[in-house]
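Welcome! Let us take a friendly look at a new structure together, one question at a time.

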Amino acid sequence: MHSLFGCYKESTLPLFERLIHDFHALLHTNSATDRQWSLCIFDDLIEHAGPVSFKYKDYFLRQMLDSIVHRTTDVRQAASYGIGVMAQFGGKDYAPTFLEALPLLSQVVNDPSSKLPENIDATENAISAVTKICKYNSGNISVDDIIPVWLSWLPIIEDKEEAPHVYGYLCDLIQSNHPIVLGENYSNFYRVLGIFAVAFKSDVLTDDDEIKQRMIVILKQAQASQELWTSCLSKLDESQQQILIKVVNGQL
């Protein structure tokens, strides 16, 4: 189904409808693998059929929300990814869903074990899902209330597929001079530079040169204001300082 949706988009729906009861049944088994597999199919439905997918919501939406906090990390990841593509591609009919999804996604990220290697993929997908809600489908939420918490979750360092969404949105906020992100008189900007430093060190953006270049432009603009640049660097550790200096000098 993944390949069919990827190639044929909505044209896949007649075949999908013949199998939808089977996919729905897999969401109700005791097997985490079956649940994950079914969620991935519904993720593809939302991503490739867009707003049309909403008419099938009764087959998956409740289970997708419940699965955000499932005991199994692969299930949590698939559910969080689904919420993200729902925000990005699903359209306005899904907007009320995010009022329920946001606390669940926050629960995943704020769990004390969320950054452990076995959980990090689900965690970063949850962060990316919140990013996409804020960027693409925020009609029913207060983005300004979410941004401070969202910033506290950064950086992400593992998921190369989701990292461009997260850092791209961060660049959007910086380049629009968002007051919460920058702070009064740029008082929060050093935190942004610290996030950038960790991102560059992790190589999480190796597959997305466009976002890397946007980040480099922001760094060079900051460097052009010597007072701001010096002040921000002084609040970072030596390793972060060296990374940022190498980046703006084209050495990394």
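The questions and answers below deal with a predicted model, taking up a pocket, some helix pairs and two backbone details in turn.

Q: How much space lies in the largest pocket?
A: A good way to start is to look for gaps. Rolling a probe the size of a water molecule over the atoms shows where empty space is left. For the largest pocket, that space comes to about 220 Å³.

Q: Which residues lie nearest the centre of the largest pocket?
A: The lining of this pocket is made up of 14 residues. Helix H3 (32-49) and helix H5 (73-89) are the elements that each give two or more residues to it. Nearest the centre are Cys40, Asp43, Gln77, Ala78 and Tyr81.

Q: Which element gives the largest share of the lining of the largest pocket?
A: By class, the lining has three nonpolar, four polar and seven charged residues. Five residues of the lining come from one helix, and that largest share belongs to H3.

Q: Where does the largest pocket lie with respect to domain 1 (1-153) and domain 2 (158-251)?
A: Look at who supplies the lining: both domain 1 and domain 2 give residues to it. The pocket therefore lies between the two domains.

Q: Is the crossing of H11 and H12 left-handed or right-handed?
A: Helix H11 (residues 189-202) packs against helix H12 (residues 209-224) at an angle of about 140 degrees, and their axes are 11 Å apart. That angle makes H11 oblique to H12. As for the hand of the H11 and H12 crossing, it is left-handed.

Q: How are H11 and H13 oriented to each other?
A: H11 and helix H13 (residues 226-234) have axes 9 Å apart and pack at an angle of about 65 degrees. H11 passes H13 in a right-handed crossing. Angles of 65 to 115 degrees count as roughly perpendicular, so H11 and H13 are roughly perpendicular.

Q: Is the peptide bond from Leu154 to Pro155 cis or trans?
A: Pro155 sits in the loop between helix H8 (143-153) and helix H9 (163-175). Most peptide bonds are trans. The bond from Leu154 to Pro155 has omega near 10 degrees, and it is cis.

Q: What is the phi of Asn185?
A: Asn185 is in the loop between helix H10 (179-182) and H11. Most residues other than glycine have a negative phi. Asn185 is not a glycine, yet its phi is positive, at about 55 degrees.

Notes. Residues are numbered from 1 along each chain as its sequence is written. This is a predicted model: local features need pLDDT of at least 70, side-chain atom pairs count only at pLDDT 80 or more; totals for chains, interfaces and linings use all residues. Side-chain values use heavy atoms; hydrogens and water are left out. On a 1 Å grid over the protein atoms alone, a cavity is a set of points where a 1.4 Å probe fits but cannot get out, and a pocket is an open set with protein on both sides within 12 Å along at least five of seven lines; lining residues have an atom within 4 Å of a point. Grid points are joined across faces, edges and corners, and a volume is the space filled by probe spheres set on the points. Helices (H or I, at least four residues) and strands (E, at least two) are DSSP runs, numbered from the N terminus. Ala, Val, Leu, Ile, Met, Phe, Trp, Tyr, Cys and Pro count as nonpolar, Asp, Glu, Lys and Arg as charged, and the others, Gly among them, as polar. Domain bounds come from an automatic or database domain assignment. Axes are lines fitted to C-alpha atoms, for helices over the stretch in contact, and angles run from 0 to 180 degrees between N-to-C directions. Angles under 35 degrees count as roughly parallel, over 145 as roughly antiparallel, 65 to 115 as roughly perpendicular and the rest as oblique. A crossing is left-handed if the near helix is turned anticlockwise from the far one by less than a right angle, and right-handed if clockwise.
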